[in-house]
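The exercises below are to be worked through with the sequence and the model side by side. Each task is followed by a solution that proceeds step by step.

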Amino acid sequence: MKYIILTSLILIVSLSAYSQSPYKDYFVTIKNDTIKCMITKLEAGEMTFFNASDNKKSKQNINGLVDLYISEERAIKNPLNLKIQKPDSGYAHVYFYRPYVFLNSALPCKIQYQNKKFINLKTNSYHLEKIKAGTKHLFIKKRLFKDNIVEIDAKDGEIYFIKAILGGIKNLNNGNTQMLMNIGGERLIMLDNPKIGKYSILNMKKKSKVY
């Protein structure tokens, strides 16, 4: 009887310690490695974390990750106090954002919507566009030789993220790669991984203007 009681107490203490573990966060790299950790800060697309394997403090840019989970919202630096909005019935949402990259950060990133002027996405800015579900939407970055086009076949209630990047495009959602020549450090646009995009939006510092 004493052995059963002692075993039960050990089990309870073990479960309690596990539930109070600080390592409640994780991220998944492009090589499909899952890193369990405690994320203490996410700012400007870079997270500071302690690795559960050795409690070592490290930093990691979230661009290019496959998955990310942050248990404590207070770790996310959110200058505009943004929330990812849920679309109304019959609509989908498209979030555009441009993370900071030092090289040519002042250059414009002008995007057209259905072949009409739309936004000039500047560094550390975002824009939310509410689009009708059940229809196709074209977002175009005009280029000298070959236009950079993101096409969305909008699904009811879905949320999409389009990121402005520097250089060639690799779509992490399906592995397809567009080989587009980068001319003079221009920005291109791509449909981003929603598991990463939602955190990137919260780091943005200003709202982009619409033409």
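**Exercise 1.** Which residues does K110 touch, not counting residues up to four places away in sequence?

*Solution.* The model is a predicted one, and the solutions should be read with that in mind. Begin by placing the residue: K110 belongs to strand β7, which covers residues 110–113. Next, list its contacts, leaving out residues up to four places away in sequence; K110 then touches I119, N120, I140, K141 and Y211. Finally, consider a pairing across the chain: K110 and R187 are separated by 77 residues in sequence, while their C-alpha atoms are 9.0 Å apart in space.

**Exercise 2.** Determine which residues of helix α2 are buried, and find the strands against which they pack.

*Solution.* First, take the helix itself, which runs over residues 194–202 and in which I196, G197, Y199, S200, I201 and L202 are buried. Second, look outwards from these buried residues: they pack against β2 (34–43), β5 (67–69), β6 (91–98), β9 (125–132) and β12 (159–166). Third, inspect the N-terminal end of α2, where N193 acts as a cap, with a side-chain oxygen lying 2.9 Å from the backbone nitrogen of K195.

**Exercise 3.** Describe the salt bridge between K163 and D192, and establish whether its partners are buried or exposed.

*Solution.* Start from the general principle that side chains of opposite charge can pair when their charged atoms come close. In this case the side chains of K163 and D192 meet in a salt bridge with an N-to-O distance of 3.9 Å. K163 lies in strand β12 whereas D192 lies in the loop between β15 (187–191) and α2, so the pair ties together parts that are 29 residues apart in sequence. For the exposure, the relevant cut-off is that a residue counts as buried under 20% relative accessible area. K163 has a relative accessible area of 7% and is therefore buried, and both K163 and D192 are in fact buried.

The surroundings of K163 complete the picture. Its side chain also makes a polar contact of 3.4 Å with the side chain of N63. When residues up to four places away in sequence are set aside, K163 touches N63, Y97, P99, L188, I189, M190 and D192.

**Exercise 4.** How many salt bridges does the structure hold, and how exposed are the partners in the pairs K83 with E73 and D153 with K155?

*Solution.* The structure holds eight salt bridges. In one of them K83 pairs with E73, the closest N and O atoms being 3.5 Å apart. Both K83 and E73 are in the loop between β5 and β6, and they are 10 residues apart. K83 is exposed, at a relative accessible area of 59%, and E73 is likewise exposed, at 59% relative accessibility. In another, D153 pairs with K155, with 3.9 Å between the closest N and O atoms. Here D153 counts as partly exposed at 37% relative accessibility, and K155 counts as partly exposed at 45%.

**Exercise 5.** Give the volume and lining of the largest cavity, and then do the corresponding analysis for the largest pocket.

*Solution.* Take the cavity to begin with. The structure holds one cavity of 30 Å³ or more, and the largest cavity has a volume of about 60 Å³. Its lining consists of A44, G45, N63, Y97, P99, Y100, N124, S200, N203 and M204, which divide into five nonpolar, five polar and no charged residues.

Turn now to the largest pocket, whose volume is about 250 Å³. The residues that line it are Y69, I70, E73, I76, N78, L82, K83, I84, K198, Y199 and L202. By class, this lining comprises seven nonpolar, one polar and three charged residues. By element, α2 gives the most to the lining, with three residues.

**Exercise 6.** What is the sign of phi at N32 and N81, and where does each residue lie?

*Solution.* N32 has a positive phi, near 70°, although it is a residue other than glycine, and it is found in the loop between β1 (25–28) and β2. N32 counts as exposed, at 60% relative accessibility. For N81, which is not a glycine either, phi is positive at about 55°. N81 is found in the loop between β5 and β6, and it is exposed, with a relative accessible area of 66%.

How values were computed
Residues numbered from 1 in each chain as written. Predicted model: local features only at pLDDT ≥ 70, side-chain atom pairs only at ≥ 80, totals over all residues. Heavy atoms only, no water. 1 Å grid on protein atoms, 1.4 Å probe; cavity = no way out; pocket = protein on both sides within 12 Å on 5 of 7 lines; lining within 4 Å. Points joined across faces, edges and corners; volume = space filled by probe spheres on them. Nonpolar A, V, L, I, M, F, W, Y, C, P; charged D, E, K, R; others polar. Buried < 20%, exposed > 50% of the residue type's maximum accessible area, 1.4 Å probe, protein only. Helix = DSSP H or I, 4+ residues; strand = E, 2+ residues; numbered from the N terminus. Contact = heavy atoms within 4.5 Å. Polar contact = N/O pair within 3.5 Å; in protein donor to acceptor, adjacent residues only side chain to side chain. Salt bridge = Lys/Arg side-chain N within 4 Å of Asp/Glu carboxyl O.
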